[in-house]
Amino acid sequence: MSVAGLCELCERPDVDHSCDRCGRLVCDRHWDDDTGMCVECGAEVGRPGDRVSPEDMPDGVDTYRF
């Protein structure tokens, strides 16, 4: 998507994306195609592959299931 304005992270004039999570206008440098979010939101949320399964947790770690 092409949008007009400055990148809200580095203030470069070539903004090409709008974050699906926070709505920030960001340039290609601050955009993550895999998540559809800016790099800051992507770092907060993480990627689906970053999650550790309960079987891979060390012993003594409590697991809560609802």
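## Cysteines without disulfides

In this predicted model, the sulfur of C19 has its closest cysteine sulfur in C22, at 3.7 Å, which is too far for a bond. A disulfide would need the two sulfur atoms within 2.5 Å. C19 is buried, because its relative accessibility is 5%. C27 is likewise in no disulfide, and the cysteine sulfur nearest to that of C27 belongs to C7, 3.8 Å away. With a relative accessible area of 0%, C27 is also buried. The number of disulfides in the structure is zero.

## The nonpolar core

C19 and C27 both belong to the largest nonpolar core, a set of nine residues. The other members are C7, V15, V26, W31, M37, C38 and C41.

V26 shows how this core is put together. Leaving aside residues up to four places away in sequence, V26 touches C7, V15, W31 and C38, each of which is listed in the core. V26 also touches L9, D16 and H17.

## H17 in strand β1

H17, one of the residues touched by V26, lies in strand β1, which covers residues 17-18. Is H17 buried or exposed? The relative accessible area of H17 is 15%, so this residue counts as buried, the cut-off being under 20%. The side chain of H17 makes a polar contact of 2.7 Å with the side chain of D28.

## D33 in the loop after β3

D33 sits in the loop that runs between β3 (31-32) and β4 (37-38). Its relative accessible area is 64%, and D33 is therefore exposed, since the cut-off for that class is over 50%. The side chain of D33 is in polar contact with the side chain of W31, at 2.8 Å. W31 is itself a member of the largest nonpolar core, so the contact joins an exposed residue to a buried set.

D33 can also be placed relative to H17. The two residues are 16 apart in sequence, and their C-alpha atoms are 9.8 Å apart in space.

## Salt bridges to helix α1

How many salt bridges does the structure have? The count comes to three. Two of them, R21 with E44 and R24 with E40, reach from a loop to helix α1.

In the pair of R21 and E44, the closest N and O atoms are 2.8 Å apart. R21 lies in the loop between β1 and β2 (25-26), while E44 is in helix α1 (residues 39-45), so this salt bridge ties together parts that are 23 residues apart in sequence. R21 is partly exposed, with a relative accessible area of 46%. E44 is exposed, at 59%.

In the pair of R24 and E40, the closest N and O atoms are 3.2 Å apart. R24 is in the loop between β1 and β2 and E40 is in helix α1, so the pair links parts that are 16 residues apart in sequence. Both partners are partly exposed: R24 has a relative accessible area of 25%, and E40 has one of 38%.

## R12 and D14

The remaining salt bridge is formed by the side chains of R12 and D14, with an N to O distance of 3.1 Å. The side chains of D14 and R12 are also listed as a polar contact of 3.1 Å. R12 is partly exposed, at 31% relative accessibility, and D14 is partly exposed too, at 35%.

Where does D14 lie? D14 is in the segment before β1. In the chain, D14 and A4 are separated by 10 residues, and the distance between their C-alpha atoms is 7.9 Å.

## Confidence of the prediction

The mean pLDDT of the protein chain is 79, and 65% of the residues score at least 70. Among the elements of the chain, strand β2 has the highest mean pLDDT, 94, and helix α1 has the lowest, 88. Helix α1 is the element that holds E40 and E44.

Key:
Residues numbered from 1 in each chain as written. Predicted model: local features only at pLDDT ≥ 70, side-chain atom pairs only at ≥ 80, totals over all residues. Heavy atoms only, no water. Core = buried A, V, L, I, M, F, W, Y, C linked by side-chain atoms within 4.5 Å. Buried < 20%, exposed > 50% of the residue type's maximum accessible area, 1.4 Å probe, protein only. Contact = heavy atoms within 4.5 Å. Helix = DSSP H or I, 4+ residues; strand = E, 2+ residues; numbered from the N terminus. Polar contact = N/O pair within 3.5 Å; in protein donor to acceptor, adjacent residues only side chain to side chain. Salt bridge = Lys/Arg side-chain N within 4 Å of Asp/Glu carboxyl O. pLDDT = per-residue confidence, 0-100.
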